[in-house]
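Me: Please take a close look at one part of this model, the nonpolar patch on its surface, and tell me which residues make it and where they sit.

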Amino acid sequence: KDESPGNKSNKINCETTVNISTNSPSKQNSPQKTVSIVEVPKKDPDDKNCDKSNCSRVASLLSRQCGLGNSWPITLIGTLFILVLLWALLYTLLEMEVTPGGNLFNLLVLILVAFCVGKIVALAKLPPLLGMLIAGIILRTIGFFKITGVYPAIVIKLREIALTVILIKAGLGLDAPALLKLSLVVLRLALFPCLAEAVAAAVLSHYLFDYPYLWGLLLGFMLSAVSPAVVVPTLLSLKERGYGENKGISTLVIAASSLDDIVAISIFGVFLGMIFSKGDLTQQLLQGPLEMVIGLSFGVTWGLIASFIPHRDDKYVIVKRSVMIGAGGLCAVLGSELIHYSGAGPLACIVASFIACLSWKLQGWSNTHNPVSDVFAKIWLILQPMLFGLIGAEIDLTILQLDTVGLGLIVIIGALVVRVATCCLVILGGNLNWKEIIFVNLAWLPKATVQAALGPEALDQIRQQKNPDENDEVRAAQLLTLAVISILLTAPIGSIGISISGPTLLSNEPFKYFLPLNSQYLCSLIHIYINKLKCMTILSLTSVID
């Protein structure tokens with residue numbers, strides 16, 4: 001304590017000195033050392049500047065990441081590190097299954113190679129799914145991809161999951177206002193060409209492959225679906241540049257393609273259930289209508305439930321709505337197989353996602369703001385290489401019969417000719433000229449996503465049977481082969497044809513806006529007429545009083 005008289009604050013002096021002395025004779029005359037308990041020994045100024053410069057140099061290198069730019073070699077090295085890390089983690093859990101020759105190792109390599117080849121093919125402005133499909137075919141043909149044990153059943157379930165995502169995307173992608181606005185044209189374009197192609201394929205397969213008509217119609221509706229994965233990105237690219245916007249061709253084709261897929265998938269499921277139903281003829285005939293009733297009932301009910309649960313103001317509304325639609329759709333697809341009404345599941349999945357999406361739009365979302373649709377789009381990016389890689393891995397070129405390929409090409413091309421002719425008849429008489437009609441037919445050709453999802457369905461059903469019919473097994477394998485051939489034939493032709501012919505066949509004139517008869521405009525008209533009626537009434541009453 002500082003006790004000096006002039007200090008009134010009684011401050012505490014923390015500076016304490018310690019006298020250190022030694023009794024050694026040799027050091028008795030040496031000066032005493034004073035050490036401060038609080039004072040920190042000072043460093044040499046040169047050492048301090050050196051440490052600061054080293055720290056600043058290290059911090060600068062870390063902040064600039066050693067001057068490395070975000071180039072493709074850095075991205076590739078980072079991806080390889082992550083893959084090696086994930087493989088090491090799987091090895092600690094599963095050991096031999098993820099080593100070369102293991103079933104899981106073969107499956108993971110197939111998916112990875114399919115993804116990489118798809119990226120390479122995309123650089124050539126072609127659909128990535130072509131590269132994924134070819135990668136699967138090559139890995140199967142060279143004998144690399146072979147799985148045993150429980151993995152064939154796992155592959156079947158993975159394809160069912162991919163099919164569910166496709167169905168949900170189709171339901172969420174339906175634009176109700178566009179369907180109402182172009183209702184007649186969209187309905188004609190979606191229904192008649194699809195039905196005509198399916199019937200033509202059924203007739204041709206009956207005479208060329210000796211198929212029963214049920215199997216022929218199953219093949220026809222599998223082939224008749226248009227691929228949104230090929231059509232939509234190319235049309236949106238043309239739409240951004242203004243081609244065809246004066247007549248709304250992009251909107252017309254995209255809306256009709258979604259409805260076309262729903263019709264084809266739903267009827268395919270009905271015929272699949274009729275073929276593999278166990279019972280007499282009466283039960284087989286009732287199978288289709290029962291599946292439609294079950295699918296519609298469950299779809300509408302679950303769609304309404306998903307529109308109320310969760311609440312729109314919920315903090316995690318996007319995640320919960322995605323889980324509701326995804327888990328509900330997957331339960332519908334897998335559960336319908338358990339109760340032997342397999343055609344009800346896909347229909348229920350589409351209807352539920354459509355009803356829920358329509359309700360969400362009424363609650364504040366819109367076509368441009370639908371986060372659930374964005375979630376399933378990202379999930380599809382993961383499932384796409386798996387689906388097309390696995391479907392390609394079902395084709396072994398060493399045992400592929402050439403007569404199946406030749407007759408299959410006749411069926412596919414013949415059915416496409418009937419589809420084109422029907423499409424021209426449907427569009428004729430509208431406001432499209434002959435160039436735009438040709439473009440719509442080109443956009444109506446590509447097959448890909450739906451064929452990859454539906455192609456193995458019959459074969460998967462047969463593999464789950466204990467004593468399958470040999471003829472049915474041959475037909476199911478041929479269905480899968482024709483699905484792959486249709487993708488390889490039509491996807492590149494449709495994609496290249498749309499991209500090249502779009503600027504030539506379509507005009508990029510600005511859209512001619514007309515005064516829309518929307519609800520606000522109608523309300524204003526009603527308000528004007530009510531005021532006029534009021535004025536007339538007042539005038540008439542005034543004349544009567546006078």
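Reply: Accessible areas here come from the Shrake-Rupley method with a 1.4 Å probe. On that basis, the chain of this predicted model has an accessible surface of about 30,700 Å², and carbon and sulfur atoms hold 67% of it. The chain is built with 20 helices and 2 strands, and 41% of its 546 residues count as buried. Among contacts with a separation of 6 or more, 78% join residues that lie 24 or more positions apart.

Against that background, the patch covers about 1,000 Å² and is made by Trp72, Leu76, Leu80, Ile82, Leu83, Leu86, Leu89, Leu93, Leu94 and Leu112. Helix 2, which spans residues 72-94, supplies the largest share of the patch, namely 9 residues. Leu112, by contrast, has its place in helix 3, which runs over residues 103-123. Because its relative accessible area is 39%, Leu112 counts as partly exposed, and patch membership asks for over 30% relative accessible area.

For another nonpolar side chain to set beside Leu112, one may turn to Val199, which lies in helix 7, residues 183-208. Val199 has a relative accessibility of 45% and therefore counts as partly exposed. In sequence, Val199 and Val418 are separated by 219 residues, whereas in space their C-alpha atoms are 9.4 Å apart.

Definitions and conventions
Residues numbered from 1 in each chain as written. Predicted model: local features only at pLDDT ≥ 70, side-chain atom pairs only at ≥ 80, totals over all residues. Heavy atoms only, no water. Helix = DSSP H or I, 4+ residues; strand = E, 2+ residues; numbered from the N terminus. Buried < 20%, exposed > 50% of the residue type's maximum accessible area, 1.4 Å probe, protein only. Contact = heavy atoms within 4.5 Å. Patch = residues over 30% accessible without salt bridge, like charges linked within 9 Å, V, L, I, M, F, W, Y side chains within 5 Å. Salt bridge = Lys/Arg side-chain N within 4 Å of Asp/Glu carboxyl O.
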